[in-house]
Amino acid sequence: MSTVDDTRAFGRELAAVLRAGDLVVLTGPLGAGKTALAQGVGAGLHVRGDVTSPTFVIARVHQPDTAGGGKVPMVHVDTYRLGGVRDPLGEVDALDLDATLEDSVTLVEWGEGLVERLSDEHLEVRLDRRDDDARVVALIPRGGDWDVRLAGLGARC
């Protein structure tokens, strides 16, 4: 993927295989495209409002735009700021993500090592940015039927 728009487009494609109860952990360095991918997923899920980085509010719930075809809310979390707190796992617990997990698609930026315990089945989306600014995506399924659901997306990564 060469551009931010390509990353968003891939997010829209990924949204087509997501369903309520899915936990998606977005990993990668600053500037790799985690928020751009979340924006694409939000567009693909037809959620209301702009999807922006929740770095300072930590979590945002985007309700589905039912008039536009949306069916499931998206919870967008950014745990970047929790890296500097004494008890990041406790802070994640305080977000009560498990309360909305069953009914929403939950995307967590910087969640590696913090949120995987919320679900036995989750998808890690590892993003990286090469020296030529192209983005590389690796989809790492953890349990469940992710392999089947992701079969058509593998060629795009």
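This passage describes the strands, the largest pocket and selected residues of one structure. The model is predicted.

Strand 3 covers residues 74-78. Five of its five residues are buried, so strand 3 is mostly covered, given that a residue counts as buried under 20% relative accessible area. The cover reaches both faces of strand 3. On one side lie M74, H76 and D78. On the other side lie V75 and V77. Each of these five residues is buried.

Strand 3 pairs with two partners described here. One of them is strand 2, residues 59-62. Strand 2 and strand 3 run in the antiparallel sense. Four bridges join strand 2 to strand 3. Within this pairing, V61 stands opposite V75 of strand 3. The other partner is strand 4, residues 105-109. Here the sense is parallel, and strand 3 and strand 4 share five bridges. Two of the facing positions can be named. V75 stands opposite T106 in strand 4. V77 stands opposite V108, also in strand 4. V75 thus has a facing residue in strand 2, V61, and another in strand 4, T106.

Strand 4 is likewise mostly covered, with five of its five residues buried. Both of its faces are covered. V105, L107 and E109 occupy one side, and T106 and V108 occupy the other. All of them are buried. Strand 4 also pairs with strand 1, residues 23-27. This pairing is parallel and spans four bridges. In it, V24 has L107 of strand 4 as its bridge partner. Strand 4 therefore pairs in the parallel sense with strand 3 and with strand 1.

A further pairing involves strand 5 and strand 6. Strand 5 spans 122-129, and strand 6 spans residues 135-142. The two pair in the antiparallel sense over eight bridges. L127 stands opposite V137 in strand 6. Strand 5 and strand 6 form a hairpin, with five residues between them. D133 lies in the turn of this hairpin. Its phi is positive, near 75°, although D133 is a residue other than glycine. D133 counts as partly exposed because its relative accessible area is 41%.

Another residue shows a positive phi. H46 has a phi of about 60° and is not a glycine. H46 lies in the loop between helix 2 and strand 2. Is H46 buried, partly exposed or exposed? It counts as partly exposed, because its relative accessibility is 37%.

The largest pocket holds about 150 Å³ of space. Its lining consists of 16 residues. Nearest the centre of the pocket lie L30, G31, K34, T35 and E109. E109 is also one of the buried residues of strand 4. Which element gives the most to the lining of the largest pocket? Helix 2, residues 34-45, does so, with three residues. By class, the lining has seven nonpolar, five polar and four charged residues.

L30 deserves a separate look. It lies in the loop between strand 1 and helix 2. L30 counts as exposed because its relative accessibility is 63%, and the cut-off for exposed is over 50%. L30 and Y80 are 50 residues apart along the chain. In space, their C-alpha atoms are separated by 9.9 Å.

V115 gives the opposite reading of accessibility. Its relative accessibility is 0%, so V115 counts as buried. V115 is found in the loop between strand 4 and strand 5. In sequence, V115 and D98 are 17 residues apart. From C-alpha to C-alpha, V115 and D98 are 9.7 Å apart.

Aromatic rings complete the survey. How many aromatic pairs does the structure hold? The number is zero. A ring does take part in a contact with a charge, however. The charged end of R149 sits over the ring of W146. The distance from that charged end to the ring centre is 4.1 Å.

Conventions:
Residues are numbered from 1 along each chain as its sequence is written. This is a predicted model: local features need pLDDT of at least 70, side-chain atom pairs count only at pLDDT 80 or more; totals for chains, interfaces and linings use all residues. Side-chain values use heavy atoms; hydrogens and water are left out. Rings of Phe, Tyr and Trp (its six-membered ring) pair if their centres lie within 6.5 Å; planes under 30 degrees apart count as stacked, over 60 as edge-to-face and the rest as tilted. A charge sits over a ring if NZ of Lys or CZ of Arg is within 6 Å of the ring centre and within 35 degrees of the ring normal. Buried means under 20% relative accessible area, exposed over 50%, partly exposed in between (1.4 Å probe, protein chains only). On a 1 Å grid over the protein atoms alone, a cavity is a set of points where a 1.4 Å probe fits but cannot get out, and a pocket is an open set with protein on both sides within 12 Å along at least five of seven lines; lining residues have an atom within 4 Å of a point. Grid points are joined across faces, edges and corners, and a volume is the space filled by probe spheres set on the points. Ala, Val, Leu, Ile, Met, Phe, Trp, Tyr, Cys and Pro count as nonpolar, Asp, Glu, Lys and Arg as charged, and the others, Gly among them, as polar.
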